[in-house]
Amino acid sequence: MKALFLSFGLGLLAALQAQAFPTVDEDEDVTGMWYLKATASDKKIPDKKLGSVSVASMSIKTLEGGNLQVNFSVLVAGQCREVSTVLEKTDQPDKYTFYGGKQVLYIIPSAVEDHFIFCHEGRIHGHPFRMAKLVGRDPDFNQEALEDFQNVVRAEGLNAESIFIPKQSESCPLGNN
């Protein structure tokens, strides 16, 4: 279940061909508060699970050596769940690993300012999955960012029709579980 929360909160796509998308420059700051705006996956998530999930902000902090500490909370069936993980920097500027290198996360700048696309690939319970997440600096909906996200989702072979836009929640802020 924790893996599902982590996948939902961070999540992202697989087998990225990094050359097809812009990469994160060293001077681009991904630290701070972020809001999950949309998600897409190569796996179907049952609608009944999606209906009971709302998300709050996500905090990203740079650690020594360039690793990233990611903290977020998610409200599931009325209960706050806090999730924390360290994304380990790799030799590729936009690529991070976690869970001992078993999960891979690519951070791709969106064409829309103050938005990024997190592409995540890995395995849950032995099954491979790919996900993409659109995140932004503020919780407000941005149609232009969503259209950019849809283009990335299609380019990665994910179904743009499966894009889910989660409810933003203030009732489950970090540190209040």
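Biologist: Which residue in β7 is the bridge partner of Val104?

Modeller: In this model, which is predicted, Val104 has Glu121 of β7 as its bridge partner. What one sees there is part of a longer contact, as β6 and β7 run antiparallel and are joined by 6 bridges.

Biologist: What makes β6 and β7 count as paired strands?

Modeller: Two strands pair if at least two bridges are found between them, and β6 and β7 have 6, so the condition is met. These two strands also form a hairpin with 5 residues between them, and Asp114 in that turn has a positive phi of about 65 degrees.

Biologist: How do you know that β7 and β8 pair as well?

Modeller: The same cut-off of at least two bridges applies, and β7 and β8 pair over 10 bridges in the antiparallel sense, so they qualify. Within this pairing, Arg123 stands opposite Pro128 in β8. The hairpin that β7 and β8 form has 2 residues between the strands, with His125 in the turn.

Biologist: Why is His125 called exposed?

Modeller: A residue is exposed when its relative accessible area is over 50%, and His125 reaches 69%, so the label follows. His125, which lies in the loop between β7 and β8, has a positive phi of about 50 degrees although it is not a glycine.

Biologist: What makes β7 mostly covered?

Modeller: Residues under 20% relative accessible area count as buried, and 9 of the 10 residues of β7 are buried. Across the protein, buried residues make up 50% of the 177 residues.

Biologist: How do you know that Lys37 and Asp138 form a salt bridge?

Modeller: The side chains of Lys37 and Asp138 meet at 3.9 Å, N to O, and the rule asks for a distance within 4 Å, so the pair passes. Lys37 lies in strand β1 (residues 32-41) and Asp138 in the loop between β8 (127-136) and α3 (143-155), so the pair ties together parts that are 101 residues apart in sequence. A search of the whole structure finds 1 salt bridge.

Biologist: Why is Lys37 called buried, and why is Asp138 called partly exposed?

Modeller: Lys37 has a relative accessible area of 9%, which is under the 20% limit, so it is buried. Asp138 stands at 34%, between the 20% and 50% limits, so it is partly exposed.

Biologist: How many aromatic pairs are there?

Modeller: The count comes to 2 aromatic pairs. One of them joins Trp34 and Phe116, with 5.4 Å from centre to centre and 80 degrees between the planes. This pair links distant parts of the chain, with Trp34 in strand β1 and Phe116 in strand β7 (residues 115-124), 82 residues apart. Trp34, at 0% relative accessibility, counts as buried, and Phe116, at 6%, counts as buried too.

Biologist: Why is the pair of Trp34 and Phe116 called edge-to-face?

Modeller: The centres must lie within 6.5 Å and the planes must be over 60 degrees apart; at 5.4 Å and 80 degrees, Trp34 and Phe116 meet both conditions, so the name fits.

Biologist: What makes the pair of Phe98 and Tyr99 tilted?

Modeller: Phe98 and Tyr99 have ring centres 5.5 Å apart and planes at 50 degrees; that angle is neither under 30 degrees nor over 60, so the pair is tilted. Phe98 is buried, with a relative accessible area of 0%, whereas Tyr99 counts as partly exposed at 38%. Tyr99 is found in the loop between β5 (95-98) and β6 (103-109), and its phi is positive, about 55 degrees, although Tyr99 is not a glycine.

Biologist: Which residues touch the most other members of the largest nonpolar core?

Modeller: Met58, Ile107 and Phe118 do, in a core of 20 residues. β1, β2 (53-62), β3 (68-76), β4 (79-89), β5, β6 and β7 each supply at least two residues of this core, and β3 gives the most, with 5 residues. Apart from this core lies another one of 18 residues, among them Val104, Ile108, Ile117 and Val152.

Definitions and conventions:
Residues numbered from 1 in each chain as written. Predicted model: local features only at pLDDT ≥ 70, side-chain atom pairs only at ≥ 80, totals over all residues. Heavy atoms only, no water. Helix = DSSP H or I, 4+ residues; strand = E, 2+ residues; numbered from the N terminus. Buried < 20%, exposed > 50% of the residue type's maximum accessible area, 1.4 Å probe, protein only. Phe/Tyr/Trp six-rings, centres within 6.5 Å; stacked < 30°, edge-to-face > 60°. Core = buried A, V, L, I, M, F, W, Y, C linked by side-chain atoms within 4.5 Å.
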